[in-house]
Amino acid sequence: MNKVKIVVAGPRGRMGKEAVHLVSTTENFELVAVLDHKNDGKNLSEIDGFLGVEAPIYSNIEQCFTEQKPDVLIDLTTPEVGMYHTKTALQYGVRPVVGTTGFSEDDLKELEAICNEKELGCIIAPNFAVGAVLMMKFSKLAAKYFQDIEIIELHHDQKLDAPSGTAVKTAQMISEVRTPKSQGHPNEKETIQGARGANFEGLRIHSVRLPGLIAHQEVLFGSEGQTLTIRHDSYNRASFMSGVKLAVETVIKIESLVYGLENIIE
Ligand code: NAP
């Protein structure tokens with residue numbers, strides 16, 4: 001069986017480092033290159049923390065794809081860069097596995113159209129942790145019985161987008177079973193702007209940013225005389241890698257865009 005040839009974008013980042021480790025230690029995966037906006041032309045093994053991990057570093061994505069002809073791009077960068085990488089990958093017939101968060105609805109629609117036109121697989125998952133996927137599924141189940149819901153997502157203070165992709169995805173899954181409802185008192189007034197959080201069809205999303213945190217989320221459900229809390233915690237970034245591995249193994253077999261790990265987990 002041929003190895004899956006993989007390029008990792010954002011290799012020096014916190015997620016990228018884990019992905020490089022995953023790819024270089026998985027039997028059927030081959031790290032053919034990394035994409036970085038720094039260190040162009042060097043080898044990854046020359047960079048601190050990557051001793052013995054051989055892979056050419058490219059800053060130019062087109063040159064990288066032309067020379068290395070990878071099967072899959074794993075992108076763990078920033079929203080704008082990730083969108084550009086994903087579109088370019090599809091143009092080159094490279095299947096993207098995207099962990100980068102912050103893509104808009106329009107971005108997703110545009111990528112879906114390109115995937116359909118090119119009949120290429122692409123997996124975009126705002127959360128690759130299996131426990132987080134279950135937290136979203138359980139939340140959707142609970143939302144059938146509880147109309148009033150508040151999501152509190154908690155992340156490290158270097159995160160660029162808010163609310164988190166996971167919180168938005170959770171709200172979207174809940175909205176499949178919940179009729180939009182304005183929560184709280186009809187006459188409630190914020191004395192400090194933002195106190196009630198972001199409004200998603202009347203459901204509220206609150207974003208906490210603190211050093212020391214990784215990725216955490218609570219979904220709180222309330223009804224007369226009772227509350228239910230569903231919580232997931234990622235304590236390190238290795239927690240995301242079994243999901244990334246599954247996504248790589250899946251993306252090479254599909255011909256359209258899949259958004260959310262829950263759609264590829266049985
Ligand atoms: P990070 O540590 O800031 O890493 C991002 C990396 O991208 C940095 O090393 C940055 O380089 C690099 N970068 C910026 N522009 C680039 C370019 N043009 N080409 C190549 N690399 C470039 O962030 P992180 O915590 O690893 O997170 C990365 C992304 O994954 C974020 O969108 C985050 O929200 C998301 N995430 C997803 C999951 C999931 O399960 N799906 C889980 C956690 C995080 P510099 O260091 O030079 O700026």
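Helices here are DSSP runs of H or I with at least four residues, numbered from the N terminus. With that in hand, Thr88 can be placed in helix α3. Keep in mind that this is a predicted model. Below is a quick tour of α2 and its surroundings, then a well-covered helix, a surface patch and some salt bridges.

**Helix α2 and what it packs on**

- Helix α2 spans residues 61-68, and its buried residues are Ile61, Cys64, Phe65 and Gln68. These four sit on the same side of α2, because they cover an arc of only 90° around the axis.
- That fits the usual helix geometry: with 3.6 residues a turn, residues three or four places apart point the same way.
- What do the buried residues of α2 pack against? Their partners are the strands β1 (4-9), β2 (29-35), β3 (57-58) and β4 (72-75), plus helix α3 (79-91).
- At the start of α2, Asn60 brings a side-chain oxygen to within 2.9 Å of the backbone nitrogen of Glu62.
- Just after α2 comes Lys69, with a positive phi near 45°.

**Thr88, on the α3 side**

- Is Thr88 buried or exposed? Its relative accessible area is 6%, and the cut-off for buried is under 20%, so Thr88 counts as buried.
- Setting aside neighbours within four places in sequence, Thr88 touches Ile61, Glu62 and Phe65. Ile61 and Phe65 are also among the buried residues of α2.

**Helix α6, mostly covered**

- Helix α6 runs over residues 165-175, and 9 of its 11 residues are buried.
- The buried set starts with Gly165, Thr166 and Ala167, and it also includes Lys169, Thr170 and Ala171. Gln172, Met173 and Ile174 belong to it too.

**A nonpolar patch on the surface**

- Val130, Leu134 and Phe138 make up a nonpolar surface patch, and together they offer about 250 Å² of accessible area.
- Val130 belongs to helix α5, which covers residues 130-143. With a relative accessible area of 37%, Val130 is partly exposed.

**Salt bridges**

- How many salt bridges does the structure hold? There are 12. As a reminder, side chains of opposite charge can pair when their charged atoms come close.
- One of them joins Lys87 to Glu110, with the closest N and O atoms 2.8 Å apart. Lys87 is in helix α3 and Glu110 in helix α4 (residues 105-118), so this pair ties together parts 23 residues apart in sequence.
- Both ends of that bridge are partly exposed: Lys87 has 29% relative accessibility, and Glu110 has 34%.
- Another salt bridge runs between Asp161 and Lys159, where the closest N and O atoms are 3.1 Å apart. Here Asp161 and Lys159 are both buried.
- Glu218 and Arg231 also meet through their side chains, at 2.8 Å from N to O. Glu218 lies in strand β10 (residues 215-223) and Arg231 in strand β11 (residues 226-234), which makes this a link between distant parts of the chain, 13 residues apart.
- On the Arg231 end of that pair, relative accessibility is 41%, so Arg231 counts as partly exposed.
- Finally, Glu150, Glu188 and Arg196 are joined in a network of salt bridges.

Technical notes:
Residues numbered from 1 in each chain as written. Predicted model: local features only at pLDDT ≥ 70, side-chain atom pairs only at ≥ 80, totals over all residues. Heavy atoms only, no water. Buried < 20%, exposed > 50% of the residue type's maximum accessible area, 1.4 Å probe, protein only. Helix = DSSP H or I, 4+ residues; strand = E, 2+ residues; numbered from the N terminus. Arc of directions from axis to C-beta. Contact = heavy atoms within 4.5 Å. Polar contact = N/O pair within 3.5 Å; in protein donor to acceptor, adjacent residues only side chain to side chain. Patch = residues over 30% accessible without salt bridge, like charges linked within 9 Å, V, L, I, M, F, W, Y side chains within 5 Å. Areas by Shrake-Rupley, 256 points an atom, 1.4 Å probe, with all protein chains shown as cover. Salt bridge = Lys/Arg side-chain N within 4 Å of Asp/Glu carboxyl O.
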